Amino acid sequence: MQKGFPNNFRRTLLAAAVTSCAVLALPAHGADLLDTARARGSLRIALEGTYPPFNFKDPKTGQLTGYDVDVARLVTAKLGLKPEFVTTEWTAILSGLGAGKYDVIISQVNITPKRQQAFDFSQPYTYSTPQLIVRRNERIEYARLEDLKGKKVGVGQGSVFEQQAKAVPGIDVKSYPAAPENLQDLAFGRVDAALNDSLMVAYLLKSSQLPIRAGARVGAVERTGIALRKGNPAFRAAVDKALEEARADGSLKAASMKWFGVDATRAPQ
């Protein structure tokens with residue numbers, strides 16, 4: 001879902017960056033990540049930490065919280081590992097995985113063909129769609145991205161939403177490192193609309209004090225998975241099994257209902 005804010009939304013690096021990551025992501029040795037993590041007793045998990053409701057710091061406690069954090073704790077518990085969270089800016093998060101700075105990314109990384117050339121992914125654990133966000137008093141209804149030609153649209157830097165907006169000629173795309181700055185600029189009229197994850201939009205409607213509202217959904221369903229370096233088939237299989245167990249016992253759905261009020265863990269029918 002930067003994640004399409006949220007950072008809560010969950011997004012693709014530029015083609016050149018992803019291609020370079022493919023070289024970095026090749027396994028350096030024959031040990032599977034499952035053996036390495038079990039020997040260490042922990043799993044190093046990268047996330048943004050600035051993308052509510054997916055992953056962010058609770059303003060009261062300063063502790064990481066959010067849907068991705070809950071999913072990470074579910075998976076690591078079923079693997080018998082301790083989660084070690086590493087906060088990283090979105091623009092560098094995939095290259096950091098390729099360089100081995102952490103083991104996985106659980107931060108609304110959408111599964112795309114370009115990313116699959118460089119990294120492996122778990123089965124999807126979230127399904128969502130791109131959605132526009134507009135000011136509450138906006139009188140113009142933008143039904144499609146094409147309706148925003150000649151307008152300024154705020155997006156997450158390096159996100160799939162950035163790519164989608166840039167693919168439409170005539171849109172003035174303004175990229176932001178994190179969602180809060182994007183939405184503040186929208187509220188103050190510095191951009192005409194924002195493009196992000198529909199699940200983040202639902203959260204905003206409940207929690208944000210900014211004068212913004214949900215706009216139209218403007219794209220196909222996006223799938224989010226846990227990203228890992230290639231060459232770790234045992235670990236990938238173990239993660240998929242953990243996610244399947246979380247589906248079966250209802251804990252994955254419960255995490256989604258907690259943060260979004262809907263079950264976003266299964267593909268829409």
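The exercises below, each with a worked solution, concern the strands and helices of a predicted model.

**Exercise 1. Determine in which order the 5 strands of the open sheet are arranged, and which of them stand at the edges.**

Solution. The strands of this open sheet follow one another as E11-E10-E12-E9-E13, and their pairing is mixed. E11 and E13 (212-217) each have a single partner strand, so one side of each is left without a neighbour in the sheet, and these two strands stand at the edges. Neighbouring strands are turned against each other by 35° on average, with direction ignored.

**Exercise 2. Work out how strand E10 is joined to E11 and to E12, and which residues stand opposite Val153.**

Solution. Begin with E11 (residues 172-176), which runs parallel to E10 and is joined to it by 5 bridges; here Val153 has Val173 as its bridge partner. Turn next to E12 (residues 193-197), which is also parallel to E10 but is joined to it by 2 bridges, and in which Ala193 stands opposite Val153. As for its surroundings, E10 (residues 152-156) is mostly covered, with 4 of its 5 residues buried. Finally, the connection can be followed through helix H6 (residues 160-166), which makes a right-handed β-α-β unit together with E10 and E11.

**Exercise 3. Establish how E9 is paired with E12, and describe how helices H7 and H8 are placed against the strands.**

Solution. Strand E9 (residues 130-135) and E12 run antiparallel and are joined by 4 bridges, one pair of bridge partners being Ile133 and Ala194 in E12. Helix H7 (residues 179-187) packs on the sheet, where it touches E9, E10, E11, E12 and E13, and its direction makes about 45° with that of E9. Helix H8 (residues 198-207), in turn, lies across E9, E12 and E13, and runs at about 110° to E12.

**Exercise 4. Classify the packing of helix H3 against helix H9 by angle and handedness, and name the residues that meet.**

Solution. Two packed helices are described by the angle between their axes and the distance between the axes. For H3 (residues 67-79) and H9 (residues 233-248), the axes come within 9 Å and cross at roughly 110°. Angles of 65 to 115 degrees count as roughly perpendicular, and H3 and H9 are therefore roughly perpendicular to each other. The crossing in which H3 passes H9 is right-handed. On the side of H3, the residues in contact are Val71, Val75, Lys78 and Leu79, and they meet Phe235, Ala238, Val239, Ala242, Leu243, Glu245 and Ala246 in H9.

Technical notes:
Residues numbered from 1 in each chain as written. Predicted model: local features only at pLDDT ≥ 70, side-chain atom pairs only at ≥ 80, totals over all residues. Heavy atoms only, no water. Buried < 20%, exposed > 50% of the residue type's maximum accessible area, 1.4 Å probe, protein only. Pairing = 2+ DSSP bridges. Right-handed = clockwise from strand over helix to strand, strands pointing away. Axes fitted to C-alpha atoms, helices over the stretch in contact; angles between N-to-C directions. Parallel < 35°, antiparallel > 145°, perpendicular 65-115°, else oblique. Left-handed = near helix turned anticlockwise from the far one by under 90°. Contact = heavy atoms within 4.5 Å.
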